[in-house]
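Hi,

Here is the structure I said I would pass on. Have a look at it first, and my notes on the side chains follow below.

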Amino acid sequence: VLFFQIVHILNMTSAKIVSFLLHPEESLHSLQNRIEFETGISTGNQELLLETGICLDPRKPASQCVIDGVRGWDSYMVYLFDKSKTVYDGPFASRSLSDCVNYIVQDSKIQLPIPQLRKVWAEAVHYVIGLKEDYSRLFQGQRAAMLSLLRYNANLIKMKNNMVSASQQLKAKLEFFHQSIRLDLERYSDQMAYGISSEKMLKAWKEMEEKASQCAQAEDIGYLDEQIMALHTEIVELQKSPYARRQGEVMESLEQRAIDLYKQLKARPPDHAYSDSTDMVKIIVQTVQSQDRVLKELFGHLSKLLGCKQKIIDLLPEIEVALNNIKEADNSVMQMQGKRQREIWHLLKIACTQSSSRSLVSSSLEGTASSPAATWLPQSSSGNAAPHPLSSLAAPEDGENFADMIRENVNYLELFSSILQEVRQEQNSMMVS
């Protein structure tokens, strides 16, 4: 057995309701095609909101419009908005009068028998109640639009916070980068005269500094921040507006007066007396006028809500672009910092290796140029033998140990010669790269 559901769609652009019988497996796209046929609003421009301001999910079936077990099976309303419009200004015609109610409105002083008047006034009361309910439904649609706006605003705030945080992190990294590269350039200049130099590397570092200055443009999000803050102020004002709250008190009062009048008429005996409808017609006219006023205010407020929402929709891609630019700049700064630090450590490795090699080569050459006796037993100015710091390692009379020392020294020379050759190759490759 298939169970069908009814969904009521309140078209907020025309203030009219269209109802559809839903097949249990019907897709939302299918329902939207039917809505387009009835309202003329294309499926691409349809925005269907629940009372909570949640937009219907195109991945779910059309039955998501109705929540079973909470209310009556046919009491749910979905609010239809046209995304191509942000100004809803009507005019919106009030619901039409029945023939008999129109009859007394045209001539309120006409005398009718009490039994007939009861029927006419019952329809009049129904009409007045209907006007109030029409407003209540439209107000609920405006409230759904407000809740939808607040959802978009929450997403905007989240993206803005991410953007501001990323911008602050980029600013801090840029400050650190500039300070460290300035120090590196100063120290590099100080050691060029007696240390290692590479014009190509120096040029690359200066280019890094210029590129980092260009990256600073990504952290400038002031223009977006101003727009977002202006939007926040506008949304807060819309929430505070009296038109954001139900304005149906006058209509509710008129509804109660119409009900009371009907009760008084019903209490009269069904004799042959006649009566006019002056009082009831006054209530009908006042209710229509009141509805016109509150609907004008409602749709004016609704247009402002939709305008704000469109501004958020337009801003979100701009924030996304700004956030991506910040991330790219951040990655660029970190890569430059890492590259420079690797180059510094490479320079340090070369400097340390050259220093150690020169020291060993110097000491080795001095050892081979002097005689064994002069090396191990240097003479003082007084002609007396003075102790050498390394005399405990080899005795001059120990020929075998001395020969071993010479061989070991030669091996060290060969080893450091090969190390020096490798270092020079690395240095040349770094200067070329």
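To start with a quick one: is Asp 184 buried or exposed? Asp 184 is buried, with a relative accessible area of 19%, so by the cut-off of under 20% it only just counts. Keep in mind throughout that this is a predicted model.

Asp 184 has a charged partner. Its side chain meets that of Arg 340 in a salt bridge, 2.7 Å from N to O. The two come from distant parts of the chain: Asp 184 belongs to helix α3 and Arg 340 to helix α7 (residues 278–369), and their positions lie 156 residues apart in sequence. Arg 340 is buried too, at 1% relative accessibility. Arg 340 also has an aromatic contact, as its charged end sits over the ring of Phe 177, 5.1 Å from the centre.

Now the other salt bridges. The search of the whole structure turned up 13 of them. One of these joins Lys 160 and Asp 225, at 3.6 Å from N to O. Lys 160 is in helix α3 (residues 114–191) and Asp 225 is in helix α5 (residues 222–240), so this bridge ties together parts that are 65 residues apart in sequence. Lys 160 is buried at 15% relative accessible area, while Asp 225 is partly exposed at 26%.

Helix α5 is linked to α7 as well: Lys 311 forms a salt bridge with Glu 234, and their closest N and O atoms are 3.1 Å apart. Lys 311 is the α7 residue of the pair and Glu 234 the α5 one, 77 residues apart. Both ends are partly exposed here, Lys 311 with a relative accessible area of 41% and Glu 234 at 29%. Elsewhere, Arg 95, Asp 134 and Arg 137 are joined into one network by salt bridges that share partners.

On to the aromatics. The whole structure gave two aromatic pairs. One of them is Phe 81 with Tyr 88, which is stacked, with 6.3 Å between the centres and 25 degrees between the planes. Both rings belong to buried residues: Phe 81 has a relative accessible area of 2% and Tyr 88 has 3%. Tyr 88 also has Lys 85 over its face, 5.5 Å from the ring centre.

Phe 81 comes up again in the nonpolar core. The largest core has 78 residues, and Phe 81 is among those with the most contacts inside it, along with Met 12, Trp 121, Met 163, Met 280, Phe 299 and Leu 302. Elements giving two or more residues to this core include β4 (77–82), α2 (99–106), α4 (199–215) and α6 (249–267), but α3 gives the most, with 26 residues. Why does this core lie between domain 1 and domain 2? Because domain 1 (5–82) and domain 2 (99–356) both give residues to it.

Met 163 is a good place to zoom in. Leaving out neighbours within four places in sequence, Met 163 is in contact with Ile 221, Leu 224, Ile 228, Ile 319, Ala 322, Leu 323 and Ile 326. There is also a second, separate core of 18 residues, and Val 7, Val 18, Leu 31 and Ile 41 are included in it.

Cheers

Terms used. Residues are numbered from 1 along each chain as its sequence is written. This is a predicted model: local features need pLDDT of at least 70, side-chain atom pairs count only at pLDDT 80 or more; totals for chains, interfaces and linings use all residues. Side-chain values use heavy atoms; hydrogens and water are left out. Rings of Phe, Tyr and Trp (its six-membered ring) pair if their centres lie within 6.5 Å; planes under 30 degrees apart count as stacked, over 60 as edge-to-face and the rest as tilted. Buried means under 20% relative accessible area, exposed over 50%, partly exposed in between (1.4 Å probe, protein chains only). A charge sits over a ring if NZ of Lys or CZ of Arg is within 6 Å of the ring centre and within 35 degrees of the ring normal. A salt bridge is a side-chain nitrogen of Lys or Arg within 4 Å of a carboxyl oxygen of Asp or Glu. Helices (H or I, at least four residues) and strands (E, at least two) are DSSP runs, numbered from the N terminus. A nonpolar core is a set of buried Ala, Val, Leu, Ile, Met, Phe, Trp, Tyr and Cys residues joined through side-chain atoms within 4.5 Å. Domain bounds come from an automatic or database domain assignment. Contact means heavy atoms within 4.5 Å.
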